[in-house]
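Here's a quick look at how charged side chains pair up in one protein chain. Have the sequence and the coordinates open as you read.

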Amino acid sequence: MLSLDALRVIQKSNALQCLFADIEKNIASVQSPELQDLALDIRNSSRQFARYTETIRAYPRQLLKANARTLSYRLARIYAASLLLTEAEWCIKNKNDRRAFIAAERWCAVGLEPLTHTTSCSYEDACLLGNG
């Protein structure tokens, strides 16, 4: 249900723009050279997700509902990555501690791949799932 609620908010407000702005602010605050590649990966994932959400606005509601969990999960992972990045920046600058960097790097390694529309599920199957 939370995924469907998130989808509803995405469709009816500018919440995504605010969230993307916050992600960008988090990334822009990073100055450590060793974090720049990670920052670029997060920025690219965020921008790719933003483009994807614009594309899917034209999809039938049932198809959107069937993919709501994937969308919510991906958005949460990108936002969490930006927060982990800012934590890594703080730890490096203030404690000379790289553990947060390692955590951010590992987090991003398993969850920032591009989001694509699943083709393994037919439109009819997606509609059945979306109505369930």
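## A pair one turn apart in α2

K25 and D22 sit in helix α2 (residues 15-28), 3 residues apart, or about one turn of the helix. Helices here are DSSP runs of H or I with at least four residues, and strands are E runs of at least two, numbered from the N terminus. The two residues form a salt bridge, with the closest N and O atoms 3.4 Å apart. The term salt bridge means a side-chain nitrogen of Lys or Arg within 4 Å of a carboxyl oxygen of Asp or Glu.

How open are the partners? K25 is exposed, at a relative accessible area of 53%, while D22 is partly exposed at 21%. The cut-offs: buried is under 20% relative accessible area, exposed is over 50%, and partly exposed is in between, with a 1.4 Å probe and protein chains only.

## Where the numbers come from

This is a predicted model, so local features need pLDDT of at least 70 and side-chain atom pairs count only at pLDDT 80 or more, while totals for chains, interfaces and linings use all residues. Residues are numbered from 1 along each chain as its sequence is written, and side-chain values use heavy atoms, leaving out hydrogens and water.

## Bridging α2 and α3

Which residue does E24 pair with? Its salt-bridge partner is R43, at 2.7 Å from N to O. This one links distant parts of the chain: E24 belongs to helix α2 and R43 to helix α3 (residues 36-56), with their positions 19 residues apart. E24 is partly exposed, at 27% relative accessibility.

There's a third member to add here: E24, R43 and R47 are linked in a network of salt bridges.

## Another one-turn pair, in α5

Over in helix α5 (residues 68-95), K93 and E89 are 4 residues apart, again about one turn of the helix. Their side chains meet in a salt bridge at 3.1 Å, N to O. Is E89 buried or exposed? E89 is buried, at 5% relative accessibility, whereas K93 is exposed at 53%.

Side chains of opposite charge can pair when their charged atoms come close. By the distance rule, the count for this model comes to 7 salt bridges.

## A contact to check on screen

Away from the charges, have a look at A66, which lies in helix α4 (residues 61-66). A66 is partly exposed, with a relative accessible area of 27%. The C-alpha atoms of A66 and L4 are separated by 9.2 Å, and the two residues are 62 apart along the chain.
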